[in-house]
Amino acid sequence: ETIGARVTNNSNGYGFTSAAIATKYQQTRDAGMVHFASAGDAGQPALDYPASLPSVNSVAALDRTGARSSFSNYADGLDFAAPGREIWTTDRTGADGYDSGADYALLNGTSFASPYAAGVAALVLSLNPSLSACQVERILERSAKELGPGGYDADFGWGLIDARAALERAGVGSAVVAWGDNSAGQ
């Protein structure tokens, strides 16, 4: 039985591979789920697992200039890039947090880039829930902002995830204008 989820995110690497995990990712993708995982933070030309699975969209981290962050993994099979350096985010409280006296912290990691990409996929599906996982992925690929030499490359995948362009490509341009333009109707 399913809970109705259409998008997943893994901001982690397992440190091992598993045929059972790979099978479940493929089965759920075939059933319509779109999966995302962080590429890894070792700055190496390899993707962490499960980001390395063909049924999972791997996401690299960008800095504020649009360059791939030095810590971000990259390799053939990388799918997208998204912001992942100097991300201002909530922090755990007390000694469990990065700063025991603050509620927020400035952090780095592909673990921040991956949910950014997953959120765009969820947004596309929220406006067009009849799309298959493959259709969502093609929309994200074709709407991504090119950052590399042209087309697909191992440094940026298809490029920087672009929410507005993805929604427009999903065929909901009028909804994007109404939703994203505060001057509409004024």
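## An exposed tryptophan and its patch

A residue counts as exposed when its relative accessible area is over 50%. Tryptophan 88 has 59% relative accessibility, so it falls in the exposed class. Keep in mind as you look around that this is a predicted model.

Where does tryptophan 88 sit? Its place is in strand S5, which covers residues 87-90. Together with Tyr104 and Leu106, Trp88 makes a nonpolar surface patch of about 380 Å².

## Parallel strands S1 to S4

Let us follow the strand pairings one by one. Strand S1 (residues 7-10) pairs with strand S2 (residues 34-38) in the parallel sense, over four bridges. Within this pairing, asparagine 10 has alanine 37 of S2 as its bridge partner. Between S1 and S2 the chain passes through helix H1 (residues 19-30), and this β-α-β crossover is right-handed. S2 also pairs with S3 in the parallel sense, again with four bridges; here alanine 37 stands opposite serine 58 in S3. Alanine 37 thus has a place in both pairings, with asparagine 10 and with serine 58. S3 in turn is joined by four bridges to strand S4 (residues 80-83), and the two run parallel. Alanine 61 has alanine 82 as its bridge partner in S4.

Why is S3 described as largely enclosed by the rest of the structure? Seven of the seven residues in this strand (residues 56-62) are buried, so it is largely enclosed. Both faces are covered: Val56, Ser58, Ala60 and Leu62 are buried on one side, and Asn57, Val59 and Ala61 are buried on the other.

## Contacts of helix H1

Threonine 28 belongs to helix H1, and its side chain has two polar neighbours to look at. A polar atom of that side chain lies 3.1 Å from the backbone oxygen of tyrosine 25. The side chain of threonine 28 also makes a polar contact of 2.7 Å with the side chain of histidine 35.

Arginine 29 is another residue of helix H1. Its side chain meets that of glutamate 137 in a salt bridge, with 2.4 Å from N to O. This pair links distant parts of the chain, since glutamate 137 is in helix H3 (residues 133-143), 108 residues away from arginine 29. Are these two partners buried or exposed? Both arginine 29 and glutamate 137 are buried.

## Salt bridges within helices

The salt bridges come to five in the count. One of them joins glutamate 141 and arginine 138, whose closest N and O atoms are 2.6 Å apart. These residues are three apart in helix H3, so about one helical turn separates them. Glutamate 141 is buried, because its relative accessible area is 14%, while arginine 138 is partly exposed at 27%.

Another bridge is formed by arginine 164 and glutamate 168, with closest N and O atoms 3.2 Å apart. The two are four residues apart in helix H4 (residues 163-169), which means that about one helical turn lies between them. Arginine 164 is partly exposed, with a relative accessible area of 38%, and glutamate 168 is partly exposed at 39%.

## The end of helix H2

Our last stop is leucine 127, found in helix H2 (residues 110-127). With 39% relative accessibility, leucine 127 counts as partly exposed. How far apart in space are leucine 127 and alanine 154? From C-alpha to C-alpha they are 30 Å apart, with their positions 27 residues apart in sequence.

Definitions and conventions: Residues numbered from 1 in each chain as written. Predicted model: local features only at pLDDT ≥ 70, side-chain atom pairs only at ≥ 80, totals over all residues. Heavy atoms only, no water. Patch = residues over 30% accessible without salt bridge, like charges linked within 9 Å, V, L, I, M, F, W, Y side chains within 5 Å. Areas by Shrake-Rupley, 256 points an atom, 1.4 Å probe, with all protein chains shown as cover. Salt bridge = Lys/Arg side-chain N within 4 Å of Asp/Glu carboxyl O. Buried < 20%, exposed > 50% of the residue type's maximum accessible area, 1.4 Å probe, protein only. Pairing = 2+ DSSP bridges. Right-handed = clockwise from strand over helix to strand, strands pointing away. Polar contact = N/O pair within 3.5 Å; in protein donor to acceptor, adjacent residues only side chain to side chain.
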